[in-house]
Amino acid sequence: MKVIINILIVITLFCFSDSSLLALDGNGCAETEVGGCTNGWNHQELTYTIPDTDCKITCLYWFRICNGVFQWQYENVSATGNCAFMQNFNYLHYSFSSVNELLDILILADFNNNNQIVDCTQGTSTTAMFYSASCGIWLSCEYDIAPQTPRCEQGYDDVPAPGPTTVKTWKWQACGTTCCKRTYTICKQLDAVTNTTIIKINAMTKSKIGNCTQEPGGSAPKYARPCEDGC
């Protein structure tokens, strides 16, 4: 018997200013989590073709179950055809990838095929995805320019004395990389009308794991204060 699964995605989107989709691989990031489990990983290859297009997505990812939580991280992802442009869009230290977001959904749907997802009436299952992200920092530079001498018409009372003028500029600079963790909750329910299974996925939290490489406490500190991360 063939089972048809309809996936209802209920994802809370993070706003542009503090969100990144998963453009960088996360192989090894789970091991940097303090207090994380040490269970071994299994690897899986996934190939997906969007119907009626020449878009083909392939990836290799690693997965495990730790304390009842399904975890995964990507090793490599590639997209060809007319969806290749969807894989990476970068702005400052933020990286966006519609391809990787789609892969998240496909992997969680496959998680259901392994009968790991609980019924929504019984609660939800927690899943976690590890990935790496870029970091950045805004730095200022302040300096004085030559004193400005006022040029006033004859008879102008109280002519201002020459004085220095200060200029302050800001610049964004890269600050290395960091590891991140994003959690989802997932459950399934039976649609009484269509008699198909609906999978509900909610994006819950995102967090930075450890330090950016070039901020204080990082592996190669360069700056005197914390950096912003693209988790």
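**Figure 1. Strands E8 and E9 form a hairpin.** Four residues lie between the two strands. Asn195 sits in this turn, with a positive phi of about 55°. The model shown here and in the other views is predicted. E8 covers residues 163–191. E9 covers residues 196–209, and the two strands pair in the antiparallel sense over 13 bridges. One pair to look for is Thr183, which stands opposite Thr205 in E9.

**Figure 2. Gln173 is a partly exposed residue of strand E8.** Its relative accessible area is 22%. What does the side chain of Gln173 join in a polar contact? The partner is the side chain of Tyr223, at 2.9 Å. Tyr223 is also among the residues that Gln173 touches, leaving aside those up to four places away in sequence. The others are Gly136, Ile137, Leu139 and Lys222. Trp138 belongs in this view too. Its C-alpha lies 6.4 Å from that of Gln173, although 35 residues separate the two in sequence.

**Figure 3. The largest nonpolar core has 28 residues.** Five of them touch the most other members: Ile57, Trp72, Tyr74, Leu103 and Leu108. Several elements each supply at least two residues of this core. They are strand E3 (56–66), strand E4 (69–80), helix H1 (98–113), strand E7 (125–148), E8 and E9. Which element gives the largest share of this core? Helix H1 does, with seven residues. In general, nonpolar side chains tend to be buried together in soluble globular proteins.

**Figure 4. Ile57 has contacts with residues beyond its sequence neighbours.** Residues up to four places away in sequence are not counted here. Ile57 touches Leu46, Thr47 and Tyr48. It also touches Ser78, Ala79 and Cys83. Val99, Leu102 and Leu103 complete the list. Away from the largest core, a second, separate core has seven residues. Among them are Cys29, Ala30, Phe130 and Cys179.

**Figure 5. Gln71 is a buried residue of strand E4.** Why does Gln71 count as buried? Its relative accessibility is 6%, and buried means under 20%. Neighbours within four places in sequence are again left aside. Gln71 is then in contact with Trp41, Trp62, Phe63, Arg64 and Cys66. Ala128 and Phe130 are also in contact with Gln71. Phe130 is a member of the second core as well.

**Figure 6. Cys29 and Cys179 form a disulfide.** The whole structure has six disulfides. In this one, the sulfur atoms are 2.1 Å apart. The pair links distant parts of the chain, 150 residues apart. Cys29 lies in the loop between strand E1 (5–9) and strand E2 (42–49), whereas Cys179 lies in strand E8. Is this disulfide left-handed or right-handed? The torsion about the S-S bond is about -75°, so the disulfide is left-handed. Both Cys29 and Cys179 are buried, and both belong to the second core.

**Figure 7. A disulfide joins Cys120 and Cys187.** Their sulfur atoms are 2.0 Å apart. The torsion about this S-S bond is about 85°, so the disulfide is right-handed. Cys120 sits in the loop between H1 and E7, and Cys187 in strand E8. The two cysteines are 67 residues apart. Cys120 is partly exposed, with a relative accessible area of 22%. Cys187 is buried, at 8%.

**Figure 8. A disulfide ties Cys135 to Cys212.** The S to S distance is 2.0 Å. With a torsion of about -80° about the S-S bond, this disulfide is left-handed. Cys135 lies in strand E7, and Cys212 in the loop between E9 and strand E10 (228–229), so the pair ties together parts 77 residues apart in sequence. Both cysteines are buried. Two further cysteines can be looked up in the structure. Cys59 is buried at 4% relative accessibility, whereas Cys141 is partly exposed at 43%.

**Figure 9. Lys208 and Glu215 meet in a salt bridge.** The count for the structure comes to one salt bridge. The distance from N to O is 2.6 Å. Side chains of opposite charge can pair when their charged atoms come close. Which category, buried or partly exposed, fits Lys208? Lys208 is partly exposed, with a relative accessible area of 30%. Glu215 counts as buried, at 2% relative accessibility.

Terms used: Residues are numbered from 1 along each chain as its sequence is written. This is a predicted model: local features need pLDDT of at least 70, side-chain atom pairs count only at pLDDT 80 or more; totals for chains, interfaces and linings use all residues. Side-chain values use heavy atoms; hydrogens and water are left out. A salt bridge is a side-chain nitrogen of Lys or Arg within 4 Å of a carboxyl oxygen of Asp or Glu. Buried means under 20% relative accessible area, exposed over 50%, partly exposed in between (1.4 Å probe, protein chains only). Contact means heavy atoms within 4.5 Å. A polar contact is a pair of N or O atoms within 3.5 Å; within protein, one must be able to donate a hydrogen and the other to accept it, and residues adjacent in sequence count only if both atoms are side-chain atoms. Two strands pair if DSSP finds at least two bridges between them. A nonpolar core is a set of buried Ala, Val, Leu, Ile, Met, Phe, Trp, Tyr and Cys residues joined through side-chain atoms within 4.5 Å. A disulfide is a pair of cysteine sulfur atoms within 2.5 Å.
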